[in-house]
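Let's take a friendly tour of the aromatic rings in this protein, and of the charged side chains that sit over some of them. Keep the 3D view open as you read.

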Amino acid sequence: MWPFSKKTDESPRTPKPDDWSLGQGERDGFPMIVRMANAYRDLAPIPAYDHHLIISVHLRNPRSNGFPSSEEGDDLKALELNICRLLEADNDSLCVLAVTNNGLRDLIFYTRNVECAHQRTEDFLATGTGFVVEFLIKPDDGWEIYQHFSRWLTSPAPPKATISA
């Protein structure tokens, strides 16, 4: 091998905390905030990551606009960080979107290991989170959810338009 070949890392880039696009819009009559990981914009879809995992966190006491209070926001941030650390271990899953709207925070991941993502999520939820949390895993080899929000966030019109997803 050396010195004639380079070692290549087949794992996708992990987005840096500041490598996210932020957009606001409206869905179901409520304001919506979307965070999208920019690291995958030019890479998506990544063939091995062919299922999406949506983790929906129900806010305990959302404000009238459907967003979390500042107190609840701290707990939500900690929960999100813990879920991301768990699911992104060994690059088995990639957190690509966070959507807050109408009393929910949806965390959208793409995974290359459905069974592991399912088991890790089940195990995490069994420990108790202080929130009502639901999750769903479905095939999505075209990264349709990510592509949808990517088009919306990068459209020529500012991301304040109404979106349905």
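## Rings and their partners

In this predicted model, Arg60 lies over the face of Phe131, at 4.2 Å from the ring centre. Another arginine, Arg35, lies over the face of Trp20, with 5.7 Å to the ring centre.

Now for rings that meet other rings. A pair of aromatic rings is described by the distance of the centres and the angle of the planes. The structure holds four aromatic pairs, and two of them are set out here, Tyr110 with Trp143 and Phe149 with Trp152.

| Pair | Geometry | Centre to centre | Between the planes |
|---|---|---|---|
| Tyr110 and Trp143 | stacked | 4.2 Å | 5° |
| Phe149 and Trp152 | edge-to-face | 6.2 Å | 80° |

Where in the chain do Tyr110 and Trp143 sit? Tyr110 belongs to strand β5 (residues 104–111), while Trp143 is in the loop between β6 (132–139) and α3 (144–153). The two are 33 residues apart, so this pair links distant parts of the chain. Both Tyr110 and Trp143 are buried. They also belong to a wider group: ring pairs link Tyr40, Tyr110, Trp143 and Tyr146 into a cluster.

Phe149 and Trp152 form an edge-to-face pair within one element. Because they are three residues apart in helix α3, about one helical turn separates Phe149 from Trp152. Are these two rings buried or exposed? Phe149 has a relative accessible area of 3%, so this residue is buried. Trp152 is buried too, with a relative accessible area of 9%; the cut-off for buried is under 20%.

Notes:
Residues numbered from 1 in each chain as written. Predicted model: local features only at pLDDT ≥ 70, side-chain atom pairs only at ≥ 80, totals over all residues. Heavy atoms only, no water. Phe/Tyr/Trp six-rings, centres within 6.5 Å; stacked < 30°, edge-to-face > 60°. Helix = DSSP H or I, 4+ residues; strand = E, 2+ residues; numbered from the N terminus. Buried < 20%, exposed > 50% of the residue type's maximum accessible area, 1.4 Å probe, protein only. Lys NZ or Arg CZ within 6 Å of the ring centre and 35° of its normal.
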